[in-house]
Amino acid sequence: TGFRSFEKRIIDIAASLMLLAITWPVMLATAIAIRLESGIKSPVFYRQVRVGEHNKPFNVIKFRSMVVDAEKNGAQWAQEKDNRITRVGAFIRKYRIDELPQIFNVLKGEMSFVGPRPERPEFVEGFVERIDYYAERHRIKPGITGWAQISYQYGASEDDAVRKLEYDLYYVKNYSLFLDLSIILHTIEIVVWGKGAR
């Protein structure tokens, strides 16, 4: 609240504009690669409803890394060697390029650079009922990266959600500018080495 929220917002805007200025050629090349692989009429971006601050839903934006009808059978976790992931998708997931369009979510104020990862309403509804304190992670804006993302492996089950919640709650309680900078630096290291992607 107060000054910390203002400070975090200013940093989010400045960092987003800086990252956008640096990565726009990568984003353009990614859009072209997706079209070349899947066809000129195929969607480049993937929009999906997520739960944000104070449980407010919003549409998260990513580069599409799966086949167009990837969820024709309903919402599901991404798995290792997931056959729904395209060749371009596998590459952009490995280096987190698929996450870059979320810069626009940050600029719109729907997300922060650092915070708990936003989950889908289909999953959140069940987690809130079965996992104590799960709703507390929605006290702040979700982030592109976060303490849980750099501290724990990719989550693909409810047990993983419980473990990652511990890190999310630690972040909610102990947020500081130093912690945010530390998380961002660790994220850069993970992206450079392509660790933990799925």
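These are my notebook entries on a predicted model, written as I looked up one feature after another.

**Entry 1: the cavity**

I began inside the protein. How many cavities of 30 Å³ or more does a search of the whole structure find? The search finds one. I noted its volume as about 70 Å³.

Next I looked at what lines this cavity. The lining residues include Lys 8, Ile 11 and Asp 12, and I also wrote down Phe 113, Val 114 and Tyr 175. Leu 177, Asp 180, Leu 181 and Ile 184 complete the list.

Which element gives the largest share of the lining? Helix H7 does, with four residues. At least two lining residues each come from H1, strand E3 (112–114) and H7.

**Entry 2: Ile 184**

One of the lining residues made me stop for a second look. Ile 184 belongs to helix H7, which covers residues 177–193. Its relative accessible area is 25%, so I put Ile 184 down as partly exposed, since buried would need a value under 20%.

I then checked Ile 184 against Gly 146. These two are 38 residues apart along the chain, and 8.2 Å separates their C-alpha atoms.

**Entry 3: salt bridges**

My next search was for charged partners. Side chains of opposite charge can pair when their charged atoms come close. The count for this structure comes to nine salt bridges.

I looked up Lys 62 and Glu 99, whose side chains meet in a salt bridge with 3.8 Å from N to O. Lys 62 sits in strand E2 (residues 57–63) and Glu 99 in the loop between H2 and H3, so this pair ties together parts that are 37 residues apart in sequence. Are Lys 62 and Glu 99 buried or exposed? Both are buried.

A second pair is Arg 120 with Glu 122, where the closest N and O atoms are 3.5 Å apart. Here I found the two partners in unlike surroundings. Arg 120 has 9% relative accessibility and therefore counts as buried, while Glu 122, at 47%, counts as partly exposed.

For a third pair I turned to helix H6 (residues 158–174), which holds both Glu 166 and Arg 163. They are three residues apart, about one turn of the helix, and their closest N and O atoms are 3.9 Å apart in a salt bridge. Glu 166 is partly exposed at 47% relative accessibility, and Arg 163 is partly exposed at 37%.

I also noted a network: salt bridges with shared partners join Lys 62, Glu 99 and Arg 117.

**Entry 4: aromatic rings**

Then I went looking for rings. How many aromatic pairs does a search of the whole structure find? It finds seven.

One of them is formed by Phe 91 and Tyr 95, with 5.2 Å from centre to centre. The angle between the planes is 50 degrees, and the pair is tilted. I looked up the exposure of each ring's residue as well: Phe 91 is partly exposed at 48% relative accessibility, and Tyr 95 is partly exposed at 29%.

Elsewhere I came across a cluster, in which ring pairs link Phe 123, Phe 127 and Tyr 134.

**Entry 5: a nonpolar patch**

On to the surface. Which residues make a nonpolar patch of about 470 Å²? My answer is Trp 24, Leu 28, Ile 32 and Leu 36.

I followed up on Leu 28, which lies in helix H1 (residues 2–38). With a relative accessible area of 46%, Leu 28 is partly exposed. Patch members need over 30% relative accessible area, so the 46% of Leu 28 fits that rule.

**Entry 6: two positive phi values**

Last, I checked the backbone. Arg 96 has a phi near 60 degrees, a positive value in a residue other than glycine. I found Arg 96 in the loop between helix H2 (87–94) and helix H3 (102–107). Arg 96 is partly exposed, with a relative accessible area of 23%.

Tyr 133 is also not a glycine, and its phi is positive at about 70 degrees. Where is Tyr 133 placed? Tyr 133 is in the loop between helix H4 (121–130) and strand E4 (143–145). At 61% relative accessibility, Tyr 133 goes into my notes as exposed, because that label applies over 50%.

How values were computed: Residues are numbered from 1 along each chain as its sequence is written. This is a predicted model: local features need pLDDT of at least 70, side-chain atom pairs count only at pLDDT 80 or more; totals for chains, interfaces and linings use all residues. Side-chain values use heavy atoms; hydrogens and water are left out. Buried means under 20% relative accessible area, exposed over 50%, partly exposed in between (1.4 Å probe, protein chains only). Rings of Phe, Tyr and Trp (its six-membered ring) pair if their centres lie within 6.5 Å; planes under 30 degrees apart count as stacked, over 60 as edge-to-face and the rest as tilted. Patches are made of residues with over 30% relative accessible area and no salt bridge: like charges are joined within 9 Å, nonpolar side chains (Val, Leu, Ile, Met, Phe, Trp, Tyr) within 5 Å. Accessible areas come from the Shrake-Rupley method with a 1.4 Å probe; for residues, only the protein chains shown count as cover. A salt bridge is a side-chain nitrogen of Lys or Arg within 4 Å of a carboxyl oxygen of Asp or Glu. On a 1 Å grid over the protein atoms alone, a cavity is a set of points where a 1.4 Å probe fits but cannot get out, and a pocket is an open set with protein on both sides within 12 Å along at least five of seven lines; lining residues have an atom within 4 Å of a point. Grid points are joined across faces, edges and corners, and a volume is the space filled by probe spheres set on the points.
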